[in-house]
Amino acid sequence: MSRSSRFRRARALALAYVALTALAGLIAGAQGSSLAEVLVLWLSQPGLNVLYVFVLMPLTVAFGDFGGGGGEPGAVGSALAGGLGAAVNVLLVRGVLCFLRRVAADLPVCRKRRMPLG
């Protein structure tokens, strides 16, 4: 399998994951079923937590709370939360894979430079 086809397949898989999570959030929010909504939010973890901590909390501190956060999120809110959390998950996985590739590429060079003990 060539490298470009693997990248294409990985992009398609990531896009499908984000789209299906957002669609499941939309359906779960429209039905109002708490079990399906919990499942969608669970599938979008830890990206949803990263989104809350690094985006929503600083915006609330900067602009203040507008008082609309206490109710049910609704269909669009569940779809948005699930989709954005899944997108952050994809970015987290991509970052970890890029880091691991970089370490694997530099490891042989580091081993050659290491001085022997003794």
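Author: Let's start with a term: a helix here is a DSSP run of H or I with at least four residues, and helices are numbered from the N terminus. The model in front of us is predicted. With that term in hand, glycine 32 is easy to place: glycine 32 comes just after helix 1 and takes a positive phi of about 75°.

Reader: Thanks! How many helices and strands does the chain have?

Author: There are four helices and zero strands. Read from the N terminus on, the elements go α-α-α-α.

Reader: How many residues does helix 1 have, and what distance does helix 1 reach?

Author: For a span, compare the C-alpha distance from end to end with what 1.5 Å a residue would give. Helix 1 has 29 residues and reaches 42 Å from its first C-alpha to its last, close to the expected 42 Å.

Reader: Now burial. Which residues of helix 1 are buried?

Author: The cut-off to keep in mind is that buried means under 20% relative accessible area, while exposed means over 50%. In helix 1, the buried residues are Thr21, Gly25, Ala28 and Gly29. Across the chain of 118 residues, buried ones make up 16%.

Reader: Why is alanine 28 classed as it is?

Author: Alanine 28 counts as buried because its relative accessible area is 2%. This residue lies in helix 1. A C-alpha distance adds some context: alanine 28 and alanine 75 are 47 residues apart along the chain, yet their C-alpha atoms are separated by 7.0 Å.

Reader: And how far is glycine 77 from alanine 22 by C-alpha atoms?

Author: The separation is 9.8 Å, for two residues 55 apart along the chain. Glycine 77 has its place in helix 4, and glycine 77 counts as partly exposed because its relative accessibility is 25%.

Reader: Let's turn to the surface. Which residues form the positive patch?

Author: A patch groups surface residues of one kind, with like charges joined within 9 Å. Here, the positive one is formed by Arg3, Arg6, Arg8, Arg11, Arg94 and Arg101. Helix 1 (3–31) and helix 4 (74–113) each supply at least two of its residues, and helix 1 gives the most, with four.

Reader: Is arginine 6 partly exposed or buried?

Author: Partly exposed, because its relative accessible area is 46%. You will find arginine 6 in helix 1.

Reader: Which residues make the nonpolar patch?

Author: The nonpolar surface patch is made by Tyr52, Val53, Phe54, Val55, Leu56, Met57, Leu59 and Phe63, and has an area of about 810 Å². Take phenylalanine 63 as an example: phenylalanine 63 is found in helix 3 and is exposed because its relative accessible area is 60%.

Reader: One backbone check to finish. What kind of peptide bond joins glutamine 45 and proline 46?

Author: To read a peptide bond, look at omega. For glutamine 45 and proline 46, omega is about -5°, and the bond is cis. Proline 46 lies in the loop between helix 2 (34–43) and helix 3 (47–63).

Technical notes
Residues numbered from 1 in each chain as written. Predicted model: local features only at pLDDT ≥ 70, side-chain atom pairs only at ≥ 80, totals over all residues. Heavy atoms only, no water. Patch = residues over 30% accessible without salt bridge, like charges linked within 9 Å, V, L, I, M, F, W, Y side chains within 5 Å. Areas by Shrake-Rupley, 256 points an atom, 1.4 Å probe, with all protein chains shown as cover. Salt bridge = Lys/Arg side-chain N within 4 Å of Asp/Glu carboxyl O. Lys, Arg positive; Asp, Glu negative; His and termini not counted. Charge placed at Lys NZ, Arg CZ, Asp CG, Glu CD. Buried < 20%, exposed > 50% of the residue type's maximum accessible area, 1.4 Å probe, protein only. Expected span 1.5 Å × (residues − 1).
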